[in-house]
Amino acid sequence: MLPLSFIALTLLVNLLLIRIGFQALRTEERSLKWRLVIALVLWQVLIYLIADSRLLMSHDFPPRFALAFIFPSFFFIGFFLYSNRNREWLHRIPRSWPVYFQSFRIVVETLYIHALAE
């Protein structure tokens with residue numbers, strides 16, 4: 001079972017992403033907002049299923065973490081940005097918001113250190 005702090009952090013990050021997405025999509029159609037929420041939930045379920053399957057326990061080459069998460073993430077982000085490059089809502093996201101969003105890593109590293117110390 002995951003510690004409550006990791007579950008709370010996951011919920012907090014997802015709520016932050018939904019807030020940013022809804023802010024950018026304020027005048028767009030409602031179905032885009034639902035797609036955002038569904039995509040975030042499906043991504044979290046996929047991460048949970050991969051972690052629960054113990055697929056990442058192997059340290060063989062090629063690294064399974066990269067194959068399972070990093071390459072698909074880069075592919076999705078590239079496809080998403082290319083297919084929405086002319087949409088106004090994407091350009092409405094302030095450039096500082098992705099930096100603010102990435103600051104959650106400080107909390108994640110703190111939780112890791114705390115979990116390892118126990």
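1. Read from the N terminus, the elements of the protein chain follow the order α-α-α-α-α-α, and the secondary structure amounts to six helices and zero strands. The model is a predicted one, and the points below should be taken with that in mind.

2. On overall dimensions, the C-alpha atoms of the protein chain fill a box of roughly 45 × 30 × 25 Å along the principal axes. Of the 118 residues in the protein chain, 19% are buried. When contacts between residues at least 6 apart in sequence are considered, 49% of them join residues at least 24 apart.

3. Helix H1 covers residues 4-24, and its 21 residues reach 30 Å from the first C-alpha to the last, which is close to the 30 Å expected at 1.5 Å a residue. Buried in H1 are Phe6, Leu9, Val13, Asn14, Ile18, Ile20, Gly21 and Ala24. These buried residues of H1 pack against H2, H4, helix H5 (96-102) and H6. In reading such a list it helps to recall that an α-helix has 3.6 residues a turn, so residues three or four places apart point the same way.

4. Asparagine 14 deserves a separate remark within H1. Its relative accessible area is 12%, and because the cut-off for a buried residue is under 20%, asparagine 14 counts as buried. Once its neighbours within four places in sequence are set aside, asparagine 14 is in contact with Leu40 and Gln44; of the residues in H2, Leu40 is itself listed as buried.

5. The largest nonpolar core holds six residues in all, namely Phe6, Leu9, Val13, Phe101, Val108 and Leu111. At least two residues of this core are supplied by each of H1 and helix H6 (104-117), and the largest share, three residues, comes from H1. Leucine 9 illustrates the link, since apart from its neighbours within four places in sequence, leucine 9 is in contact with Val107, Val108 and Leu111. Another core, of five residues, lies apart from the largest one and has Leu25, Leu32, Trp89 and Leu90 among its members. As general background, nonpolar side chains tend to be buried together in soluble globular proteins.

6. Helix H2 has 23 residues and spans 33 Å from its first C-alpha to its last, close to the 33 Å expected at 1.5 Å a residue. The buried residues of H2 are Leu32, Val37, Leu40 and Ile50, and what covers them includes H1, H3 and helix H4 (88-91). Just after H2, arginine 54 takes a positive phi of about 65°, a backbone value that a colleague may wish to look at in the structure.

7. How do H2 and H3 lie with respect to one another, roughly parallel or roughly antiparallel? Helix H2 (residues 30-52) and helix H3 (residues 64-83) pack at an angle of about 155°, and their axes are 11 Å apart. Because angles over 145 degrees count as roughly antiparallel, H2 is roughly antiparallel to H3. On the H2 side the contact is made by Trp43, Ile47 and Ile50, and on the H3 side by Ala68, Phe69 and Ser73. Sorted by character, the residues of this contact comprise five nonpolar, one polar and no charged. Ile50 thus appears both in this contact and among the buried residues of H2.

Technical notes: Residues are numbered from 1 along each chain as its sequence is written. This is a predicted model: local features need pLDDT of at least 70, side-chain atom pairs count only at pLDDT 80 or more; totals for chains, interfaces and linings use all residues. Side-chain values use heavy atoms; hydrogens and water are left out. Helices (H or I, at least four residues) and strands (E, at least two) are DSSP runs, numbered from the N terminus. Buried means under 20% relative accessible area, exposed over 50%, partly exposed in between (1.4 Å probe, protein chains only). Contact means heavy atoms within 4.5 Å. Axes are lines fitted to C-alpha atoms, for helices over the stretch in contact, and angles run from 0 to 180 degrees between N-to-C directions. Angles under 35 degrees count as roughly parallel, over 145 as roughly antiparallel, 65 to 115 as roughly perpendicular and the rest as oblique. Ala, Val, Leu, Ile, Met, Phe, Trp, Tyr, Cys and Pro count as nonpolar, Asp, Glu, Lys and Arg as charged, and the others, Gly among them, as polar. A nonpolar core is a set of buried Ala, Val, Leu, Ile, Met, Phe, Trp, Tyr and Cys residues joined through side-chain atoms within 4.5 Å. The expected span of a helix is 1.5 Å times one less than its number of residues.
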